[in-house]
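Here are my comments on the model you sent, set out as numbered points. Please read them with the sequence and the structure open beside you.

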Amino acid sequence: DAKRNISDYFGDAPIENIKNLKTAITRRYRAIHICGQIANGSKHCILTQEDPAVQAKVLWVIREGTDPAQFNTQRKLAIRDGSDDFRPAPDVFKEAVAAWDAMLSRWGFIEDRYIGPDSEPLPWE
């Protein structure tokens, strides 16, 4: 049964309700946990279960290859987890998408499919 299969995936974690499933997912996949912290914090401006290790900031960074006479900085969303250096937010978001894709594929909820440009030829070519 699907519920047993999912529980096994998380090392026999209890998943009898959505809260337990969320806990199992966020314990296994840090990127999903981080995305949840950012999403809930931005929606509610406060978190009931705040993780002080997660920090999101908008940083001003130098644009590469810009004319010195032009405004050469831009804003980038960056995320820090614990004592790690800030990382570009899209990197964390891509990790979270890969984790969801791996979970849902393994459980049979989605099938392998082509997603986005890469070096492989398109499946219909």
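The points below go from the overall layout to the sheet, and then to single residues and salt bridges.

1. Overall layout. Please keep in mind throughout that this is a predicted model. The protein chain has four helices and three strands, and from the N terminus on these elements run in the order α-α-α-β-β-β-α. Of its 125 residues, 22% are buried, and the accessible surface comes to about 9500 Å², with 53% of that area belonging to carbon and sulfur atoms. Among contacts with a separation of 6 or more, 30% are between residues 24 or more positions apart.

2. The sheet. The three strands form an open sheet in the order β1-β2-β3, with antiparallel pairing. The edge strands are β1 and β3 (87–88), each of which pairs on one side only. Between β2 and β3, which run antiparallel, there are two bridges, and Ala-78 stands opposite Pro-88 in β3. As a general reminder, the strands of a sheet pair through backbone hydrogen bonds, in either a parallel or an antiparallel manner.

3. Two residues of the strands. Thr-73 belongs to strand β2, which covers residues 73–81, and if neighbours within four places in sequence are left aside, Thr-73 is in contact with Trp-60, Val-61, Ile-62 and Arg-63. Is Thr-73 buried or exposed? Thr-73 counts as buried because its relative accessible area is 18%, which is under the 20% limit used for that class. Val-58, by contrast, lies in strand β1, residues 54–62, and is exposed, with a relative accessible area of 52%. Together with Leu-77 and Phe-93, Val-58 makes a nonpolar surface patch of about 240 Å².

4. Helix α2 and its start. The buried residues of α2 are Asn-20, Ala-24, Ile-25 and Thr-26. At the N-terminal end of this helix, Asn-17 acts as a cap, with a side-chain oxygen lying 3.1 Å from the backbone nitrogen of Lys-19.

5. Asp-12. This residue deserves a look at its backbone, since Asp-12 has a positive phi of about 65 degrees although it is not a glycine. Most residues other than glycine have a negative phi. The place of Asp-12 is in the loop between α1 (2–9) and α2 (18–28), and with a relative accessibility of 51% Asp-12 counts as exposed.

6. Salt bridges around helix α1. How many salt bridges does the structure hold? There are five in the structure, and one of them joins the side chains of Asp-8 and Arg-4, at 2.7 Å from N to O. Both of these residues lie in helix α1, four residues apart, which is about one turn of the helix. Asp-8 is partly exposed at 41% relative accessible area, and Arg-4 is likewise partly exposed, at 41%. Asp-12 comes into the picture again here, as Arg-4, Asp-8 and Asp-12 are linked in a network of salt bridges.

7. Salt bridges of Arg-30. With Asp-51, Arg-30 forms a salt bridge in which the closest N and O atoms are 2.9 Å apart. This pair links distant parts of the chain, with Asp-51 in the loop between α3 and β1 and Arg-30 in helix α3, 21 residues apart. Arg-30 also meets Asp-81 in a salt bridge, at 2.7 Å from N to O. Because Arg-30 lies in helix α3 and Asp-81 in strand β2, this second pair ties together parts that are 51 residues apart in sequence. As for exposure, Asp-51 is buried at 14% relative accessibility and Asp-81 is buried at 18%, whereas Arg-30 is partly exposed at 34%.

8. Ala-53. The place of Ala-53 is in the loop between α3 (30–44) and β1, and Ala-53 is partly exposed, with a relative accessible area of 25%. Which residues does Ala-53 touch, not counting those up to four places away in sequence? They are Arg-30, Arg-80, Asp-81 and Gly-82, so that Arg-30 and Asp-81, which meet in a salt bridge, both touch Ala-53. In addition, the C-alpha atoms of Ala-53 and Ser-83 are separated by 7.7 Å, with their positions 30 residues apart along the chain.

Terms used
Residues are numbered from 1 along each chain as its sequence is written. This is a predicted model: local features need pLDDT of at least 70, side-chain atom pairs count only at pLDDT 80 or more; totals for chains, interfaces and linings use all residues. Side-chain values use heavy atoms; hydrogens and water are left out. Buried means under 20% relative accessible area, exposed over 50%, partly exposed in between (1.4 Å probe, protein chains only). Contact means heavy atoms within 4.5 Å. Patches are made of residues with over 30% relative accessible area and no salt bridge: like charges are joined within 9 Å, nonpolar side chains (Val, Leu, Ile, Met, Phe, Trp, Tyr) within 5 Å. Accessible areas come from the Shrake-Rupley method with a 1.4 Å probe; for residues, only the protein chains shown count as cover. A salt bridge is a side-chain nitrogen of Lys or Arg within 4 Å of a carboxyl oxygen of Asp or Glu. Two strands pair if DSSP finds at least two bridges between them. A polar contact is a pair of N or O atoms within 3.5 Å; within protein, one must be able to donate a hydrogen and the other to accept it, and residues adjacent in sequence count only if both atoms are side-chain atoms.
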